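Here are two short exercises to work through with the model open beside you. Try each task before you read its solution.

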Amino acid sequence: MKIAFFDTHGFEKPIFQKENEKFQHEISFFETRLTEQTANLAANYSCVCAFVNDGLDKKTLQVLSTGKTRLIALRSAGFNHVDLASARALGFRVVRVPEYSPYAVAEHAMALILSLNRKIHRAYNRVREGNFSLDGLVGFDLNKKTVGVIGTGRIGSVMAKILVGFGCHVVAYDSVQNLTLQKLGVQYTSLDELLQKSDIISLHVPLTPKTRHLIDERALALTKPGVMLINTGRGALIDTHALIASLKSEHVGYAGLDVYEEEEGLFFEDFSEKILQDDQLARLLTFPNVLLTSHQAFLTKEALENIAQVTLQNISEFENKTDLSNEIGLERT
Ligand code: NAI
């Protein structure tokens, strides 16, 4: 099948090319992100393969529809960047990779916790400059601390298990309770109780209209002074403006962010020679107790191989007119 592959990155292209030796699809790799302006590149491609910061809004979908694209194959788990109602109305099928490595994301969330707590990011710079002082690097034991896991699906449940292994008391909030986690001692609570009790809070719910700005001024006011906030979910789960205010007032003690509300067009690119135009992001980068990574929680060898395999398989299913195992809304679980 002819695939227009948008927002291509060096870390994924060779893996897709190798995996495609089995599938033999005809892939054109475009570096540009998918937008209303670039969508005409996909004219006469039956399939568009899109990543997390490609924009699949109504206008872009209309251009794709005119160009005879029929399948949107997301090489991501999250699908908040697709206007699903418009996609359905225009007759698109939309598939994704629901699970490629929950371990990759949960382990990165854990890396953010450990780095922030033990100040590894600061220690690294310090010793390289010959400064072997320990002042300002005091952390805390994770053992016996209360950690709130918001969303205990695929990723959140792995996260909860890792935290149990560290000796943490894990409290969780989800609309669905996971019995296996409960047997490990994880306690489900209301959102407000979790916010009030937790020393560390880690976000693992998808971004939906209900979860947008789940962590806002009100929620932050309920948290313990000095709380550590970890977000590997989606940027807009947190109201960045409220977070900055809380960091400035020294209420939030640490923030580990792999995702950012306005990351589209910034994350995954090299802006090191340019002037950063996003003042909120620039402010976040000034805090010594904020650790930002550029949406890399998924980035392990195993995850990339699974993403390539499942994406190409999803496209073959469409081409062969068989059931689509990973069609959004119709997945076999
Ligand atoms: P999942 O669908 O397995 O789990 C999500 C959980 O959230 C479910 O248990 C669901 O019941 C719960 N939930 C959803 N809405 C809720 C609400 N309003 N209130 C309470 N609970 C709610 O998803 P998975 O695979 O664990 O991924 C979670 C999110 O992580 C994805 O949606 C994606 O946005 C993000 N992600 C981030 C990556 C990164 O590289 N930073 C990579 C992969 C995913």
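This is a predicted model, in which local features need pLDDT of at least 70 and side-chain atom pairs count only at pLDDT 80 or more, while totals for chains, interfaces and linings use all residues. Residues are numbered from 1 along each chain as its sequence is written, and side-chain values use heavy atoms, with hydrogens and water left out.

**Exercise 1.** Find the strand order of the open seven-stranded sheet, then its edges.

*Solution.* Start with the terms: strands are DSSP runs (E, at least two residues), numbered from the N terminus, and two of them pair if DSSP finds at least two bridges between them. Reading across gives β8-β7-β6-β9-β10-β11-β12, with parallel pairing. β8 (187–188) and β12 (290–292) each have a single partner strand, so one side of each lacks a neighbour in the sheet. Now zoom in on one pair: β10 (residues 228–231) and β11 (residues 254–257) are joined by four bridges. Within this pair, I230 has G256 as its bridge partner.

**Exercise 2.** Locate polar contacts (N or O atoms within 3.5 Å) of the ligand.

*Solution.* Take the backbone first: an N or O atom of T232 is 3.0 Å from a ligand nitrogen. A polar backbone atom of F298 lies 3.1 Å from a ligand oxygen. Next, the side chain of R234 places an N or O atom 3.4 Å from an oxygen of the ligand. Finally, consider cover: the protein covers 83% of the 870 Å² of accessible area (Shrake-Rupley method, 1.4 Å probe) that the ligand has on its own.

Notes
A polar contact is a pair of N or O atoms within 3.5 Å; within protein, one must be able to donate a hydrogen and the other to accept it, and residues adjacent in sequence count only if both atoms are side-chain atoms.
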